[in-house]
Amino acid sequence: MALWIEISPGSHEPIYGQIVSQVDRAIAMGELLPGDRLPAVRKLAAELVINPNTVARAYMVLDEQGLVVSKTGSGTFVADPAMADRDAAELNALSERIDGIIARAMNMGLAAREITRLFAARLKAFTGRRQGGQKDE
Amino acid sequence: MSELAVRTTGLTKYFGGAAAVDHLTLSVPRGCIYGLLGRNGAGKTTAIKLMLGLLHPTAGSSELLGCDSRRLTPEVRGRIGYVTEGHRLPRWMTIAALARFQRAFFPARWDEGLFGEMLDYFRLSAGRKVRRLSNGQRAQVSLAVAMAPDPDLLIMDDPTLGLDVVIRRQFLEGMIQLIQRRGKTILFSSHILGDVERVADRIAIIERGALRADCSLNEFRSAVRKVRLAVPDGMPDEVDIPGLLHSRRGESELELTLVGVSDGQVEAWADQVGAARCKPVSMTLEDQFIEFTSPGDGRLFEWEGE
Amino acid sequence: MKFLALLKKELRESAPWIAGAAVLFVLVGGVLLYDRIIDMRHYRPWGLDPGSSVPAYSLIEPSPLDDVASVLLVLSLALGLVLAGRQFWMPTFLRTWAFAVHRSVPRLWVLLAKLAAAAIGFVLAPGAVWTLLFLFASKTASLPYPPRPRVLAEGWLFVTLGLIAYLGTALSACRAARWYTTGTFPLAFAAGVVLLAIALPGTAVTCASLAVGLAVLLPQLVVRFGAKEF
C-alpha cells in the first residue's frame, strides 16, 4: 500500500483537513483500495510529528464521510463503496456544491453546453489518472 | 484528584507600576497539550513562574495538580517536570552527572531506559560537559532530564526558542513521544506557531499579560475568519458587527476579519448595508494570530471558546 | 539521599574556592611562620634557656602565629564573601535558580545544603590549615616556646567571623530590597559584628558578638530564602 501523507503547518488548511484531503484523493485515485488499512494513529502521528488527536480527528471525519470504517481494536480501513449507504444528506450536500460550481461558471459567462463539456473533460482527465485504469462511464 | 492539571484564578503580578500578568484565569484539563501563545514580553514566562511558585502573585491564585502554587509540596513538585527558559543547567556537570543528580530525587520514578533512549536518539554521549553543548543540545538534555522521571505535568517555557530547524523537529518528536503516554499533561509556551499547530490540543493567547483567548486549537482555527464583500459606494464607515476584529476598505471592497461570527450573521449584515458577494478568504494560523492580537482600533479583544 | 545529592553539588561548586583558599593559606601562612621561626632562632628571652616552661614570657612576647592569625582573619572574611557570592549571586547571574529550587524537596533543604557546604569549607580551608600550622608551631623544635592553646581558639573565632561575613553577604543576596535602599543592611550589620569582635578586647566580648551575629543573621536567612522570588 503506497500512502504518502505530507502535512505542512502554517498552511491555510488545518492539519486534519490536509490529511482528510490526501486520504480522500488517494482513495479516489485508487492508491488506496477498499479493505486497505490506514496507518495506526500513533504511528502516523509520530511520523508526521503531530498530535495523535489530530490524526484521530481526521480519521473520524473520513469515517463520517463514509470513506473509511473504524473497527475498534483492529484499526481503520478503507470502506467499500458498494457497501456504503448513500446518505441522502450527503448527496444533498454534494448537490449544493455542484450548484455552487455551476453558479460560478454561469457568472463567468459560460453557457450550459460549455459547462457540460468542461465537466466531461475534467472527469475524463481525472479517471484517466487513476492507477489500474478501470473504465468508468 | 483534581480534574484540572493547571488552574489559575485572576492571577496578577505587578513589577513596579506595570502589570506583567493581569487577572489571568485559565484552566488546563488533564491529558491536554496546552499551548500558551503570545508575543515576546506578553507575560508567558511570568505566568509560568507564578504557576510554579517561583514568583509570588500580587493578586489571584493558581493551582498545579490541585495544589496551591504558593505551597507546592515536595511530593507534588516531584510530579511536575520543568524545562526552563534558555535551558539553564549547571555548566560544570557532565550529562551523566546531571542524570545522577536528577535521579537522586526520583528513586522510584526515574526511567533510565527512556533517558538512555533519548540520549541515543539525540546522539549525545553521557560524558560530555554541559558547557560544551550547543543551545539545541542543551535543550534536548533538558527535555530528557525532565521526562525521565515520568512527570504527570510537564511545563516548558519557550522550549524551542533559538533552536535550529533540525533540532526543533527532534525536540517536537520527543514531545510527541511523551504525548503518546496516557494521562500526561503538557503546558508549553511558544511564539512559533508551526510548532503549536502541530502539537497543541488547546491554546491560550496572552497579550500584555491578559488572556485574550482560551479554547481548542480547532475552535480557534474555525472561529477566526476573513470575508470579502463587494460594497456599493456610499457605504457607512462604521462597521457594526459584534465579533469584528478588523475592517479594511478597498476601492469597492470591504474585508472583514471576524471572530465567532456565523455565515448567517455575516449575510444578514451584508443584506442590511446592501453589500453583496461574500467571499471567504482562507487564513493561516499565523494570519489568524496576527489579526487576533492586533485589532486595528487598539481595542483588546477577548474571546472564550468551550 | 536527596540531601546528599544537593550537598555534593554545592560542595563541587564551591570546591575551587575552598581549595584555592586552603592552598593560599598554606603558602602564605607557612612562609610567615617559617619567617618567624628564623627570627626567633636568633632571639633569646632574658635569662631563660630553650625548653624551660615559664609562662611569664608570654605576656610580653608576641605569639609566633600573630601574623598568620592576621592572614587567617582576612582570608576567612574573604572566603565568606566569595562563597556567598558563588552560592547566592552566581545562580542569579547564570539563571540557574529555577533548576536548583524546583525540586522534590522542601526549599529549606536547598539552603541547608549551601550552609553545610560553606561550613565544611570553612572547617577545611581556614580552619584545618590553621590547626595544622598551630600544631606545627607547637611541635617544632625550632621555636623556643610553643604557642598558647588560646591562640588556636582565637584563630577559630576568626574563622567564625568569616562565617558571619558569609551569612551577611548571603542575606543581602536573598533580600528583595535594592542595594541602594536597605539591601546592604545585612552586609553592614555583619561588618559591624566583625569590627566589634576584633576591636574590643576580651574573648568574652568576641564570643558574645559572634553569638549575636549568628542569632540575627541565620534565622533571617532562613526566612528570606524561603520567601525569595526567582
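**Notebook: domains, chain contacts and packing**

I looked up the two domains of chain A and noted that 27 Å separate the centres of domain 1 and domain 2, taken over C-alpha atoms. I recorded the bounds as 15-78 for domain 1 of chain A and 88-128 for domain 2 of chain A. I keep in mind throughout that this is a predicted model.

**Entry on the chains**

I next asked which chains have the most contacts between them. Of the two pairs of chains that touch, chains B and C have the most contacts. I found no contact that joins chain A and chain C. The closest C-alpha atoms of chain A and chain C lie 28 Å apart.

I then turned to the contact of chain B with chain C, to which chain C gives 17 residues and chain B gives 18 residues. On the side of chain C that touches chain B, α1 (2-41) and α4 (97-101) of chain C each supply at least two residues. I sorted this side of chain C by class and noted nine nonpolar, three polar and five charged residues.

**Entry on a sheet in chain B**

I traced an open sheet of four strands in chain B, with the order β13-β14-β12-β15 and antiparallel pairing. Which strands are at the edge? They are β13 (244-249) and β15 (276-281) of chain B, each of which pairs on one side only. I noted that the twist from one strand to the next averages 20°.

I followed one pairing of this sheet in detail. Strand β12 (residues 224-230) of chain B pairs with β15(B) in the antiparallel sense, over four bridges. In β15(B), I located B:Ala276 as the bridge partner of B:Ala230. Across β12 and β15 of chain B lies helix α9 (residues 263-273) of chain B, which runs at about 145° to β15(B).

**Entry on two helices in chain B**

To describe two packed helices, one gives the angle between their axes and the distance between the axes. I looked up helix α5 (residues 135-147) and helix α6 (residues 165-179) of chain B, which pack at an angle of about 10° with their axes 10 Å apart. Angles under 35 degrees count as roughly parallel, so I entered α5(B) as roughly parallel to α6(B).

I asked which residues make the contact of these helices. From α5(B) they are B:Gly136, B:Ala139, B:Gln140, B:Leu143 and B:Met147. From α6(B) they are B:Ile167, B:Gln170, B:Phe171, B:Gly174 and B:Leu178. By class, I recorded six nonpolar, four polar and no charged residues in the contact of α5(B) with α6(B).

Technical notes: Residues numbered from 1 in each chain as written. Chains lettered and ligands numbered in written order. Predicted model: local features only at pLDDT ≥ 70, side-chain atom pairs only at ≥ 80, totals over all residues. Contact = placed C-beta atoms within 7 Å. Nonpolar A, V, L, I, M, F, W, Y, C, P; charged D, E, K, R; others polar. Pairing = 2+ DSSP bridges. Axes fitted to C-alpha atoms, helices over the stretch in contact; angles between N-to-C directions. Parallel < 35°, antiparallel > 145°, perpendicular 65-115°, else oblique. Domains from an automatic or database assignment.
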